[in-house]
Amino acid sequence: ELVGQPYVKESEAGFYFRVIADHIRSASFLICDNVFPSNEWRGYVLRRILRRAISHGFFLGMREPGLHSLVRSVVDSMGEAYPELADRAEHVERVIRAEEESFGRTLDRGISNLERWLSQTSERVLDGATAFRLSDTDGLPVDVIQEIAEKHHISVDMDGFEKHLEKQRSRSRANAKLAAKSMESYTWNELESGEGSQFVGYDQLECETHLLRWRQEGDKTWVVLAATPFYAESGGQVGDTGEIMGATWTLAVDETFYIEHMIVHSGTLQKGSMPTSAEVVTARVDALRRGDIERNHTATHLLQAALRSVLGDHVHQAGSLVAADRLRFDFSHYAALTREEIDAVEEMINNHVLLGHPVQPDSMTYSAAVESGATALFGEKYGDVVRVLRIGNGVSTELCGGTHCQTTAQIGPFIIVSEGGIAAGVRRVEALTGRGAIDYLRKCRTQAESACALLKVETDRLSESVATIMADSKRQRKEIEALQVELAAKDSSGALQNDHWNGLDFVTGVVDGFSSVPAFREFVDRERQQRSGTIGTVIDGKPVVISFVSDAGIRAGLNAGPLAKKLGKIMGGGGGGKPHMAQSGGKDATRVMEAVETSRATWREDAESLQ
């Protein structure tokens, strides 16, 4: 129905049908499991699957997004066995449609670039470097490149393509290997045996423990303890900072992370030198910073619950960062949040804060946790025994190994400071709690009071006063621009050169005195009512050249677009626009006159070539 032709198994189109059917099914399941199109990891796999389906739809004549409508067919055929497909069908459709719209533009450009190369070359083979660039930069699947090339009776150097692809894979593997940490990667000064993975920081921020091993890494010292109150970075929560004190030395810890299951403390020696034998040390976490982190982490759980309540059950976590100064939460949603939605989320969370719900962690088996209704994150690795965090009576229940407040009242004020899109179907919220929120509110109040003092108005009239000033400024700017246009019209006679070629009137020249591009465009538009041509100016030190064609010139076949690109190159920039008016710009304002003189010669050639 989408492509307007029947499925014929043995035909070339039949192959395209099967690719699309298979890929839409795969994509639907991936998106339903909270995978989103991206340029890395599983998101990259999803993006490749979708782009191959979209490309084969293109071969079947599809030029508008339509593959997303096939999600309903996937639900019809598989929804009984997988009911979550039906529950999230609308979300899946929106994500696929967004990728269709995004890649559709890329596909047009990529195919145009490929078609241009194929039409201009006398070669019978598309070299591997060009094929890889089209695939890597323009996003064309390699089988699509082969398909189009074959229609031009040109083959693709797949060996060369694979060599470039392998170079990219090697770089990726090298980066991944660099990022992955393992015990075998480093040499340690072993003082005492032990794994070094016992975390006691849920209940205490200071403890006495044994130093197991240490090593130097540049100007940093890495330390492993038998037990530690320091939380190692994981699950979106940053690692703790603080200090570790030995008999004769003190380490200022500025980072805590995992190497396999081992917790590593990294920092700078404040005094002394590292010991050569085992000893008892004191490990102390920065309590003030930990408190900030716990407020932000607990608020993150409330944020997900509030977003699902306000926006719908299709909202799922797609990533997070819990730091001391802020929290960041990525989630599945298909549109920007309105001011009303943001206010509703904020109000709901602050109400939970005021109610002081208990925050109760509990350990249980993974299966028991999921059966109890706890939310698990797709892609996270969970052990047999997991930590479940419950907030209040049904407010939030999630699997989470991070550190948290004891009650929601400890979170303090909650403020959303930004919201925006980061990928197709994925939004990002950044928010502040506790001390960070108080500092933010204090700064806002100070700025508002300063503005009121400057404007000599009360706080409750600030918005009204600013709106009045902006309206007055806009009116005055228009008046100034109108005067500039009138003055330019009076003073431009000596600056403009008039020509008459092949029955058409033309004007070229450089005119000064404009403070804005809109004012200059209005002046040019007046000239366009009578004739065609090119006029340049300099605004704020930047060259602006506008080429234009009168209605008579349009009927004769003149076009300003190609000329704008040509003139832009002269000034170190570019240009473009419509046949009746196109604008050029660049970096070199000293070449405006050269560009205009070039346009005069070009207009003459164009006019004299008209029949």
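# Reading a sheet and its salt bridges

Colleague: Let's start with the open sheet: in what order do its 4 strands stand, and is the pairing parallel or antiparallel?

Modeller: The order is E12-E13-E18-E17, and the pairing is antiparallel. The general idea is that strands of a sheet pair through backbone hydrogen bonds, either parallel or antiparallel. Keep in mind that this is a predicted model.

Colleague: Which strands are the edge strands?

Modeller: Look for a strand that pairs on one side only: here these are strand E12, residues 317–322, and strand E17, residues 414–423. From one strand to the next, the twist averages 15 degrees.

Colleague: How do E12 and E13 pair, and over how many bridges?

Modeller: They pair in the antiparallel sense, over 5 bridges. You can pick out one partnership by eye: Gln317 has Phe331 in E13 as its bridge partner. E12 and E13 also make a hairpin, with 4 residues between them.

Colleague: And how many bridges join E13 to E18?

Modeller: There are 6 bridges between strand E13 (residues 327–332) and strand E18 (residues 426–433), and the two run antiparallel. Try finding Leu327 on your screen; Ala431 in E18 stands opposite. While you're there, remember that in a regular strand the side chains alternate between the two faces of the sheet.

Colleague: Okay, now salt bridges. Which residue forms a salt bridge with Arg428?

Modeller: The general idea first: side chains of opposite charge can pair when their charged atoms come close. In our case the partner of Arg428 is Asp330, and their closest N and O atoms are 2.7 Å apart. Arg428 lies in strand E18 and Asp330 in strand E13, so this pair ties together parts that are 98 residues apart in sequence.

Colleague: Are Arg428 and Asp330 buried or exposed?

Modeller: They come out differently labelled, and the cut-off tells you why: buried means under 20% relative accessible area, exposed means over 50%, and partly exposed is in between. Arg428 has 25%, so this residue is partly exposed. Asp330 has 7%, so this one is buried.

Colleague: What about Asp325: which residue does it form a salt bridge with?

Modeller: That one goes to Arg326, with the closest N and O atoms 3.4 Å apart. Arg326 has a relative accessible area of 25%, so it counts as partly exposed.

Colleague: How many salt bridges does a search of the whole structure find?

Modeller: The search finds 30. Here's another to look up: Arg72 and Glu93, whose side chains meet with 2.7 Å from N to O. This pair links distant parts of the chain, with Arg72 in helix H3 (residues 71–78) and Glu93 in helix H5 (residues 89–120), 21 residues apart. Arg72 is partly exposed, at 41% relative accessible area, whereas Glu93 counts as buried at 16%. Salt bridges can also form a network, as they do among Arg47, Arg51 and Glu99.

Colleague: Which residues form a nonpolar patch on the surface?

Modeller: Val417, Tyr440 and Leu441 do, and together they have about 230 Å² of accessible area. Tyr440 lies in helix H12, which covers residues 434–455. With 33% relative accessibility, Tyr440 counts as partly exposed.

Colleague: Can we try one more hairpin? How many residues lie between E19 and E20?

Modeller: Just 2, and Asn502 in that turn has a positive phi of about 50 degrees. Strand E19 (residues 496–501) and strand E20 (residues 504–510) run antiparallel, joined by 6 bridges. Asp499, for example, has Phe506 in E20 as its bridge partner.

Colleague: Let's zoom out. How many helices and strands does the chain have?

Modeller: There are 17 helices and 24 strands. The radius of gyration is 32 Å, well over the 25 Å that the globule rule gives for 611 residues, so the chain is more spread out than a compact globule. Its C-alpha trace spans about 95 × 80 × 50 Å along the principal axes.

Colleague: What share of the residues count as buried?

Modeller: Of the 611 residues, 44% do. Glu398 is one to look at, in strand E16 (residues 396–399): its relative accessible area is 8%, so it is buried. For a feel of distances, compare Glu398 with Ala560: they sit 162 residues apart along the chain, and their C-alpha atoms are separated by 61 Å.

Terms used. Residues numbered from 1 in each chain as written. Predicted model: local features only at pLDDT ≥ 70, side-chain atom pairs only at ≥ 80, totals over all residues. Heavy atoms only, no water. Patch = residues over 30% accessible without salt bridge, like charges linked within 9 Å, V, L, I, M, F, W, Y side chains within 5 Å. Areas by Shrake-Rupley, 256 points an atom, 1.4 Å probe, with all protein chains shown as cover. Salt bridge = Lys/Arg side-chain N within 4 Å of Asp/Glu carboxyl O. Buried < 20%, exposed > 50% of the residue type's maximum accessible area, 1.4 Å probe, protein only. Pairing = 2+ DSSP bridges. Axes fitted to C-alpha atoms, helices over the stretch in contact; angles between N-to-C directions. Rg over C-alpha atoms; globule rule 2.2 N^0.38 Å.
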